[in-house]
2 protein chains.
Amino acid sequence: MLIPDAYSADCPTRQVLDRVADKWAVLLLGLLSREPMRFNRLRRTVEGLSQKVLAQTLRSLERDGLVTRSVFPTVPVTVEYAITPLGMTLAQTVDQLRIWAETHMPEVAACQRRYDAARAEAA
Amino acid sequence: MLIPDAYSADCPTRQVLDRVADKWAVLLLGLLSREPMRFNRLRRTVEGLSQKVLAQTLRSLERDGLVTRSVFPTVPVTVEYAITPLGMTLAQTVDQLRIWAETHMPEVAACQRRYDAARAEAA
DNA sequence: CCTTGATGGTTTCCGATGGATACCAAGTTG
DNA sequence: CAACTTGGTATCCATCGGAAACCATCAAGG
């Protein structure tokens, strides 16, 4: 089987890929792989991420066994998110993606400018 | 700088990550890294991918310099998509993601079942 | 005392996005 | 001439994501 089953719609792998190929999940796993963090600190660190989507994404990651959620009855309540061993294996993979983006960003931006310029003069 | 700038909203890296952390882009790059393919064959191979989103995704990938689009004036017209050297470097990275999903899918599914069971008995 | 602030969310509203479907032009085949 | 192929675009509608408001709890400050 040269082409694995991620390409068939009913394969569970597809669902895993859905979760994993998410911008916010990539950034959150990258952060949590360094150290456990709390809700509002994650929120402040990842610019542009709303509370709602942060809560949703963290719950998905928790359901998938990639992060743990620990509540401490302090005041105000403290909720700490930490990465699991399974999540750590994924974090190493997705971090390559972030590194690729940071490395090749100038080249991609140059291609975009060329593409846009070509289309502008065609119009 | 321990935490790179992908976490700031205005960094171009974020835009690159947006494109790259996309389920369909991952699957398409995986296919095109093996061989050039035409529009409808991609559409048939990637189950669940609509024509509209396929066209949008391919145009984004072309704009980013990751794939090339070649039109041959046959009848009916033939349009072939091929990966670029830049796209090849990315394909190797995102393929790790697909492989991770296929490898760890059973473990993730088990975590999901445990999570759902725990929530069901709590309710 | 009572407002302000922090904690970690949920709810509401609205604009953007994605999927399904129909449609298009060109031309070959039945 | 009708149907089917190619590679799309246009339209409609459901869902999704972001912005902002709201919630409870308690601590500190005026």
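A pocket, as the word is used in these legends, is an open set of points on a 1 Å grid over the protein atoms alone, with protein on both sides within 12 Å along at least five of seven lines, and the residues that line a pocket have an atom within 4 Å of one of its points. The views show a predicted model.

**View 1. The second largest pocket is lined by residues of chain A and by B:Asp18 and B:Ala21.**
The volume of this second largest pocket is about 190 Å³. From chain A, the lining takes A:Asp18, A:Arg19, A:Ala21, A:Asp22, A:Lys23, A:Ala25, A:Thr57, A:Ser60 and A:Leu61. Helix 1 (12-20), helix 2 (23-32) and helix 4 of chain A each give at least two residues to this lining, and the largest share, three residues, belongs to helix 4 of chain A. Sorted by class, the lining of the second largest pocket holds four nonpolar, two polar and five charged residues.

**View 2. The largest pocket has a volume of about 260 Å³.**
Its lining consists of 14 residues, and those that lie nearest the centre of the pocket are A:Arg38, A:Phe39, A:Asn40, A:Val77 and A:Val79. At least two lining residues come from each of helix 3 (39-45), helix 4 (51-63) and strand 3 of chain A. The lining of the largest pocket comprises six nonpolar, two polar and six charged residues.

**View 3. Chains A and B are related by a two-fold axis.**
A turn of 180 degrees, with a shift of 0.0 Å along the axis, lays chain A on chain B with an RMSD of 0.0 Å, which is the relation of a two-fold axis. Among the C-alpha atoms of chain A, that of A:Ala21 is nearest the axis, at 2.3 Å from it. Because 100% of the interface residues of chain A are also interface residues in chain B, the copies meet through the same surface.

**View 4. Helix 1 of chain A crosses helix 2 of chain B.**
The two axes come within 9 Å, and the crossing angle is roughly 120 degrees. Angles of 65 to 115 degrees count as roughly perpendicular and those over 145 as roughly antiparallel, and helix 1 of chain A and helix 2 of chain B are therefore oblique to each other. On the chain A side, A:Arg14, A:Leu17 and A:Asp18 of helix 1 meet B:Lys23, B:Trp24, B:Val26 and B:Leu27 of helix 2 of chain B. Taken by class, the residues of this contact are four nonpolar, no polar and three charged.

**View 5. Within chain A, helix 2 packs against helix 4.**
The axes of helix 2 and helix 4 of chain A are 10 Å apart and form an angle of about 70 degrees, which makes the two helices of chain A roughly perpendicular. Helix 2 of chain A contributes A:Trp24, A:Ala25 and A:Leu28 to the contact, while helix 4 of chain A contributes A:Val53, A:Leu54, A:Thr57, A:Leu58 and A:Leu61. The residues of this contact are seven nonpolar, one polar and no charged.

**View 6. Within chain B, helix 2 (residues 23-32) packs against helix 4 (residues 51-63).**
In chain B, the angle between helix 2 and helix 4 is about 70 degrees, and their axes are 10 Å apart, so that helix 2 of chain B is roughly perpendicular to helix 4 of chain B. B:Trp24, B:Ala25 and B:Leu28 of helix 2 of chain B meet B:Val53, B:Leu54, B:Thr57, B:Leu58 and B:Leu61 of helix 4 of chain B. By class, this contact in chain B has seven nonpolar residues, one polar and no charged.

**View 7. Cis peptide bonds join A:Val75 to A:Pro76 and B:Val75 to B:Pro76.**
In chain A, omega for the bond between A:Val75 and A:Pro76 is about -5 degrees, and A:Pro76 sits in the loop that runs between strand 2 (67-72) and strand 3 (78-83) of chain A. In chain B, the bond between B:Val75 and B:Pro76 has an omega of about -5 degrees, with B:Pro76 placed in the loop between strand 2 (67-72) and strand 3 (78-83) of chain B.

Technical notes: Residues numbered from 1 in each chain as written. Chains lettered and ligands numbered in written order. Predicted model: local features only at pLDDT ≥ 70, side-chain atom pairs only at ≥ 80, totals over all residues. Heavy atoms only, no water. Helix = DSSP H or I, 4+ residues; strand = E, 2+ residues; numbered from the N terminus. 1 Å grid on protein atoms, 1.4 Å probe; cavity = no way out; pocket = protein on both sides within 12 Å on 5 of 7 lines; lining within 4 Å. Points joined across faces, edges and corners; volume = space filled by probe spheres on them. Nonpolar A, V, L, I, M, F, W, Y, C, P; charged D, E, K, R; others polar. Least-squares fit on C-alpha atoms with pLDDT ≥ 70 in both. Contact = heavy atoms within 4.5 Å. Axes fitted to C-alpha atoms, helices over the stretch in contact; angles between N-to-C directions. Parallel < 35°, antiparallel > 145°, perpendicular 65-115°, else oblique.
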